[in-house]
Amino acid sequence: MTSASLALHSTEGKGTKSRRMKCSPRRLIQNILVSQLLLIGPAQGRSVAQSHGLHGGIAWSACPDATTLDCAYITAPMNHLNPQPNLTVSIALRRLPATVGPRERLGTLFINPGGPGGSGTLTVTLMGQLLSQVVQGKYDILGFDPRGVNLTSPGLDCYADEAYARLHDYNAKYLGFSYEARLFPGASPYLHDSSYALTEEEQAAADSSELAWITKHMAHRQAQVEVCMEHGNENMLKSTSTSFVARDMKWILEALGEEDGGLNYWGFSYGTILGATFAAMFPESVGRVVLDGVADSVTYTRNNLDWGISGMDDNEDTYYSFLSSCIEAGASRCALVKDNSTESSIHERIAAVSASLLESPLPVASMDGVDILTASQLHKAIFLSLYNPDSWQRLAQGLSEAEDGEGYMIWRMNQPGSKDTFVHKKWDENILRRPMNVEAAVQSRHIMCADTNPKIFKNFKPKDLQVYLRRLNKLSTFVGEYWALWVTSCAGWDFEPFEAYRGPWTVEEGTRKTSFPILFIGNTYDPVTPLSAAKSMSKGFGNDSASLLIQNGYGHCSVAQPSICTARAVRNYFVNSTVPEYGTVCEVDPGFLFPEAKREDQADSLSFGSGKKLQGDLELLESINGIGKELARLRLTHI
């Protein structure tokens, strides 16, 4: 849809004093995040915003689980285009107050960690202090849960409890990937070598087996659609699009009384789509907006299949960067290095491990799990690790062990963080008596499928998926198929949103100048949001509305690999309103990839390279590194 007007689809005509954090954010996530997400206790009865009417401001109260944080709910219309008093959503909010005085305070900084489906309230709990340190305590750090996510209610109600939702997603791993279905005696070389010639009979057998697997996979996926159709909250399932969440952000901004200053926002990954959508819909309300790890909103909203293909632009290069960085680190720091190792030789060894697992999965027997390691799990571990270079050393160790017949480490990288994940409890079985939904992938699917053009998946058949899987496999050896299955998960989705924003996305199409330039940030080697997306999105908004900073590094989003240059630019943008020149390039700091083993008496802190840095720079790098680590933890709940 490329209209020069706002292209919308519709089916209906006070600051608080600073306090020191008393609890450990890392410990909170280990218990499936129930205790850390306690917002305003049930004794209060109803949400604060409700007591003020539909749009009457926000009253904050200290969070029971972390008294340094403030919590509240705000009520917004379920359908912004057709608001009705009896159809509302209650949006969960959590903020870390600014540490400076009122005269130095610059406003509220909204945060979205990505997903789609990432929880903003959880993000502020885990990394609010780190984010505050980046902006020198001059903003309140605000996280909110988008519609259908975590504590924002009502929930989607597709499943009886969250454990059933997670089990549906978890059980998909036992379906494996389609290349495993192509297996027949002697087929392993074909699966990783395009030059391997099959006989006509072998090709027919491979095609038939693969198509049968795809049909089974699509049926498993369709079951989730049907359970939502039968049991889900239809109004919620139709009101979770990114455009409605953008409208929610404007609603919150106005309730805060900060609409004149505009939205200050830092969004990662999918959060860049949300931020770009807000900027396109409400350009006059843009304050300081950083979009980090930029996804291509144009193809995401108009053709998900094209979005999936372009998302792989830098994936294979990121994988080979892992290999080259391993070789550069040497055998003492990278377990995959042997005498005269090359990128090609290490890749061939990893491919051989994958081929071996196709025919002979490795048994995994440990106190925390009895299972098998399959080729598909190995591929997923590689995919997850490409996001986060901090995990490359561990990935190399796990691959080396798998090569020697020990699969535990790679298997462990694919497992949920807690066995409580599959404990059956009612959605509102918590101190709030309020539905809570943290991890289930359905919350990612309902957002993405509300946003993308449904015509793309009309009459999408198993044969179509087979063609698409093979195309993406050619783009990325180990990741293409996994990414393809995620991208095509909207096939069969049957909930037409009340509204979906699909453009304009460029000045030529009719976007208006933003009230302050957006800062887009892209890595040169990002496995799923390539630099090409950051370039095209920033160019689309135009020179008056956007600037671009390029970080010459690896991983998903700039915080995946710390750079003092990027960190300073982000701080100066938020604190001093300094917009970097378009195309500014920042190098990452050395000493991060494949680090030397720490001595027992060595402090658990970063030691970057040989360049001289001031203490303030080191603290800034520590904050950025911490944000990257916490985003990686959050990401594991959505991939």
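This report describes a central sheet, one helix, some aromatic rings and two selected residues of the structure above.

The model is a predicted one, and what follows describes the arrangement of its atoms.

## The sheet

Ten strands form an open sheet, and their order across it is E2-E3-E4-E6-E5-E7-E8-E12-E13-E14, with mixed pairing. The edges of this sheet are strand E2 (61-62) and E14, each of which pairs on one side only. Strands of a sheet pair through backbone hydrogen bonds, either parallel or antiparallel. Both senses appear in the pairs listed here.

| Strand pair | Sense | Bridges |
|---|---|---|
| E3 (residues 70-77) and E4 (residues 88-96) | antiparallel | eight |
| E5 and E6 | parallel | five |
| E5 (residues 107-112) and E7 | parallel | four |
| E7 and E8 (residues 286-292) | parallel | five |

Individual residues help to locate these pairings in the structure. Pro77 has Thr88 in E4 as its bridge partner, while Leu109 is found opposite Ile141 in E6. On strand E7, Tyr265 has Phe110 standing opposite, and Trp266 has Val290 of E8 as its bridge partner.

How many residues of strand E5 are buried? Six of the six are buried, so E5 is largely enclosed by the rest of the structure. Strand E7 (residues 263-268) is likewise mostly covered, with six of its six residues buried. In a regular strand the side chains alternate between the two faces of the sheet. In E7, Leu263, Tyr265 and Gly267 point one way whereas Asn264, Trp266 and Phe268 point the other way, and all of these residues are buried.

## Tyr139 and its surroundings

Tyr139 belongs to strand E6 (residues 139-144). Tyr139 has a relative accessible area of 3%, and because the limit for a buried residue is under 20%, Tyr139 counts as buried. When residues up to four places away in sequence are not counted, Tyr139 touches Leu96, Pro97, Ala98, Leu106, Gly107, Thr108, Leu109, Asn264, Arg288 and Phe574. One of these residues, Phe574, is also reached through a polar contact, in which the side chain of Tyr139 comes to 2.6 Å from the backbone oxygen of Phe574. Arg95 lies 44 residues from Tyr139 along the chain, and the C-alpha atoms of the two are separated by 10.0 Å.

## Aromatic rings and charges over rings

The whole structure contains 24 aromatic pairs. Among them is the pair of Phe322 and Phe594, which is stacked, with 6.3 Å from centre to centre and 25° between the planes. This pair links distant parts of the chain, since Phe322 is in helix H13 (residues 315-329) and Phe594 is in the loop between strand E14 (584-587) and helix H23 (615-635), 272 residues apart. Phe322 is buried at 1% relative accessibility, and Phe594 is buried at 1% relative accessibility as well.

One aromatic cluster is formed by Tyr139, Trp266, Phe268, Phe516, Tyr573 and Phe574. Trp266 and Phe268 of this cluster point the same way from E7, together with Asn264, and Tyr139 is the cluster member found in strand E6.

Charged groups also lie over rings in this model. The charged end of Lys250 sits over the ring of Phe282, at 5.5 Å from the ring's centre, and Lys539 lies over the face of Tyr582, at 4.5 Å from the ring centre.

## Helix H7

Does the length of helix H7 match or depart from the span expected at 1.5 Å a residue? Helix H7 (residues 200-231) has 32 residues, which should span 46 Å at that rise, and its end C-alpha atoms are 47 Å apart, which agrees. The buried residues of H7 are Ala206, Glu210, Trp213, Ile214, His217, Met218, Arg221, Gln224, Val225, Val227 and Cys228.

## His446

Where is His446 placed, and is this residue buried or exposed? His446 lies in helix H18 (residues 442-451), and because its relative accessibility is 0%, His446 counts as buried. Apart from its neighbours within four places in sequence, His446 is in contact with Arg147, Gly148, Leu156, Leu237, Thr240 and Trp493. With one of these residues, Thr240, the side chain of His446 makes a polar contact of 2.8 Å, side chain to side chain.

Terms used
Residues numbered from 1 in each chain as written. Predicted model: local features only at pLDDT ≥ 70, side-chain atom pairs only at ≥ 80, totals over all residues. Heavy atoms only, no water. Helix = DSSP H or I, 4+ residues; strand = E, 2+ residues; numbered from the N terminus. Buried < 20%, exposed > 50% of the residue type's maximum accessible area, 1.4 Å probe, protein only. Polar contact = N/O pair within 3.5 Å; in protein donor to acceptor, adjacent residues only side chain to side chain. Contact = heavy atoms within 4.5 Å. Phe/Tyr/Trp six-rings, centres within 6.5 Å; stacked < 30°, edge-to-face > 60°. Lys NZ or Arg CZ within 6 Å of the ring centre and 35° of its normal. Expected span 1.5 Å × (residues − 1). Pairing = 2+ DSSP bridges.
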